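Please read the following walk through a protein model with the coordinates open beside the text. The paragraphs move from paired strands to a single histidine and then to enclosed space.

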Amino acid sequence: MSKYHFNDIEAKWQKYWADHQTFKADNQSDKPKYYVLDMFPYPSGAGLHVGHPLGYIASDIYARYKRHQGYNVLHPMGYDSFGLPAEQYAIQTGQHPRKTTEENIARYREQLDKIGFSFDWSREVRTSNPDYYKWTQWIFIQLFESWYCKNHEKAFPISELIKLFSEEGSDRVNAECDTQVESFTAEEWNSFSEERKEKILLKYRLTYLAETEVNWCPQLGTVLANDEIVNGVSERGGFPVVRKRMKQWSMRITAYAQRLLDDLATIDWPQPLKDSQTNWIGRSEGASVRFKIKGHDGFIEVFTTRPDTIFGASFMTLAPEHELVDRITTMDQRYEVSQYIEATAKRSERDRLADVKTITGVFTGAYAIHPFSGEEIPIWIGDYVLAGYGTGAVMSVPCGDQRDYDFAKHFNIPIPNIFEGVDISEEAFADKENTVIANSDFINGMSYSDATQKVIKALEDKGQGQGKINYRLRDAVFSRQRYWGEPFPVYYKNGLPQMIDFEHLPLTLPQVEKYLPTEDGEPPLGRADVWAWDTENNEVVGNHKIDHETVFPLELNTMPGWAGSSCYMFRYMDPANHNELASEDAMRYWENVDLYLGGSEHATSHLLYSRFWVKFLYDRGILKVNEPAKKLINQGMILGTSAIVYRVSGTNEYVSHGLKDEYSCDEIRVDVNLVNASDEIDIEGLKAWQPQFANAEFILEDGKYIVGREVEKMSKRWFNVVNPDDICEQYGADTLRMYEMFLGPIDQAKPWNTAGITGVHSFLKKLWKLFHSGDNDAFEVTEGDPSKENLKTLHKTIKKVEEDIENFSFNTSVSTFMIAVNELTAQKCTHRGILSDLMVLISPYAPHISEELWEKLGNTESISTAPFPIFEASHLVESSKEYPISFNGKMRFKLELPLDMSKEDIEAAVLSHEKTQQYLDGRTPKKVIVVPGKIVNVVG
């Protein structure tokens, strides 16, 4: 009987690794470095399910493999510990989010330790720890103290912009800034008051305050990013979201749009992820056109990718939130317009973009003036135009754009045809490459490209437009009306933001009585009694001391969830450094992440924002690299296999799966842990699980209740969560690790099936048995020379496993291990050298059993320090061939002969063999057919 006591073995080695800090990385090493990182988790109250460790196991295999290859590996872990769930729990219970978060982290750490990861826990970071978010606050200050020069395509200190203004004025400054900035001379600048200078500079800073359209969720009391909204409601809680104008902190990420696009070519990231970022940034070339407004000063600015169609513009459409709507709407249309704006505010931007079937809009009563024809063009508002995209206004050309076409048809607006030889009676014509312009004055008969250049030149000559590159990407709103987030290091003097000096950071969260917004709508920090900044003593003081001379109010918003995750990978390099984000030596040595693993859902949130911050810090000379990670892998999802019972509609009866088609049934998902490997549910367990089943009646098939199955996302909502603790307890962490890899390619989704885990567990028991013999499970290895078969099995395993790990094909490695152990068992291999190398190969996947057997082999150091076996091709080269020996085409026996034997020698060896003599029985063969390396046929 096997003495593979995996629970004891795993507990032993987990303690050993912790006590000896086996996986602690050194910032000073002669070894080459390799930095492996997982996207750190948000510690939820539910803990981990078996789907969560998938990426961690893959990264851990690779980290352990690189250590075997002689690298100094940095493989840290921490927690993205600010988040809405802890705050929502605080609102419900009054418990401080910090306490909830710490309890959740303790649970996560316990679960992670049980799986045997080779994390360097000495470098753990938590985004909600003041010692950590001190650096998030510091980066915010650096952004505030910077501007972006378009001439150099680089960020510079704001002090250099001030110097330019004081010496040359604003005319020669080519900066990323607000759309409306004033022009002034150096003399005028130097005469401005400090307050006026500050207001001007705020339009250039890389983080700035501005009135912006935001997604406001009243129930959560906060602004949400677009990626936090699903189907018009908040992802967290499913609450309604409305559009609202608020003064918010924003980040000028648009300054980096082109660099973010261009540098995608320099990193080894999945193409679908690159495509997501490319589409999100949304680069397009065209023209900016300014339409004058009849009876009003100012103009409407639009960006169009089709300036060649300008003579087809028969109306204009503004976003309902556009700042001009209120000014230009006539009295007759005011009520209708206001009702439409109110209705639109209840729809998310994503809903408005996705809904192509519903056509709505309202005429403002105002008209724009065509820049060339002078014709009056009616100005409408429509929810398919968004204030945050482009200029929030479109030049509507119904003959060339289907959405404009549908809008015009619906509201009976003229659709002039400006395309030669094209029928637009049924739909718009959008094929620009086959366009020939007509009915368009000075561009008649021109192609798309020629007409585009001609129109841009004419607009520039008239002072009503110019060629332009536009991006769909918008500046990132950086404020959240929440308590549980990083406080801004900002106080307000005369309504203008001032930064707290670095030496007084971190600015920590104050105590509040409740975690809800105040009764007058201020964020939760508005409930704090001690939340003012004393500029003389540089400390937080009570609000009652605010005098607007030396004591000023502090910012009430907190930073968004992505703030703490944007540069955490660099803090791991030197997490105990109190003076710098990380030392220059540490950053020079580790550079950036070599391998980053995480979910593809972070493509346009965390990963895009992180790339932005890294590029900014690179510009300012703080970081040595301009990308966070060289290579990135998106792991797939482990799906749950839900269990479904079938309730007869209108009753408390439940029918087994095979009988459900005989009834009208409602599907109800139940706890998968109540179901065995044969899909039979424990009825008594089900009755005890939830009250609705306590008195239920069950219609069985063959005396059993069989559940239905559905493969879907593993979630508490579907009761299909499998706890890794249970798997580790029943089968061991090594089994869990290998099974998760065995399920399929790392980047693909695959369903979990607990029944399938027994095969992997049996393999580990067989591996243990390879080292032990007899009923007493005695450890047995031998010395001497290994056999050719031993070496062949080992080296084909080395070759395959090394290739698999390098290609992240971890699932096929598990199969290779199974084949190797079967072959070595059949060979009765007990050779120390063969088995030692085998354990090094397996150790990244199953580290606990590998450490135990490695120790039994007489080693005193952890197997993690052992070099990876070197593949020798010579052991796979066949020196002999087992020939099938046939007589008159019928194979009679096999004979092993050297591969380099000549035809004559092969024939002689076969004819002289005793079995040949028996079959010939004294006869002389007519001929012998020899195909070297293949067959021998004796024709007699």
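Two strands are taken to pair if DSSP finds at least two bridges between them. The model explored here is predicted, and a hairpin serves as the starting point. In this hairpin, formed by β35 and β36, 3 residues lie between the strands, and G933 in the turn has a positive phi of about 80 degrees. The antiparallel strands β35 (residues 927-931) and β36 (residues 935-939) are joined by 5 bridges, and V931 of β35 stands opposite I935 in β36. In a regular strand the side chains alternate between the two faces of the sheet. For β35, the covered face carries V928 and V930, whereas K927, I929 and V931 belong to the uncovered face.

Elsewhere, 4 strands make up an open sheet with antiparallel pairing, and their order is β6-β5-β9-β17. At its edges are β6 (222-224) and β17 (476-477), each of which pairs on one side only. Strand β5 (residues 207-217) runs antiparallel to β6 and is joined to it by 3 bridges; W216 has V223 in β6 as its bridge partner.

The next stop is a loop residue. H96 sits in the loop between α3 (84-93) and α4 (97-114). Is H96 buried or exposed? With a relative accessible area of 14%, H96 counts as buried because this value falls under the 20% cut-off. If neighbours within four places in sequence are left aside, the residues in contact with H96 are Y483, W484, Q511 and Y515. With Y483, the side chain of H96 also makes a polar contact of 3.2 Å to the side chain of that tyrosine.

Finally, we turn to the space enclosed by the protein. Rolling a probe the size of a water molecule over the atoms shows where empty space is left. The structure holds 2 cavities of 30 Å³ or more, and the largest of them contains about 80 Å³ of space. Its lining includes D355, D383, R403 and D406, along with residues such as V356, I359 and F407; by class, this lining has 4 nonpolar, 2 polar and 4 charged residues.

The second largest cavity holds about 60 Å³ of space, and its lining has 8 nonpolar, 2 polar and 1 charged residues. Among the residues that line this second cavity are Y132, W135, I139, C567, R571 and W613. Two or more lining residues come from each of the elements α5 (130-144) and α16 (568-571), and α5 gives the most, with 4 residues.

Conventions:
Residues numbered from 1 in each chain as written. Predicted model: local features only at pLDDT ≥ 70, side-chain atom pairs only at ≥ 80, totals over all residues. Heavy atoms only, no water. Buried < 20%, exposed > 50% of the residue type's maximum accessible area, 1.4 Å probe, protein only. Polar contact = N/O pair within 3.5 Å; in protein donor to acceptor, adjacent residues only side chain to side chain. Contact = heavy atoms within 4.5 Å. 1 Å grid on protein atoms, 1.4 Å probe; cavity = no way out; pocket = protein on both sides within 12 Å on 5 of 7 lines; lining within 4 Å. Points joined across faces, edges and corners; volume = space filled by probe spheres on them. Nonpolar A, V, L, I, M, F, W, Y, C, P; charged D, E, K, R; others polar.
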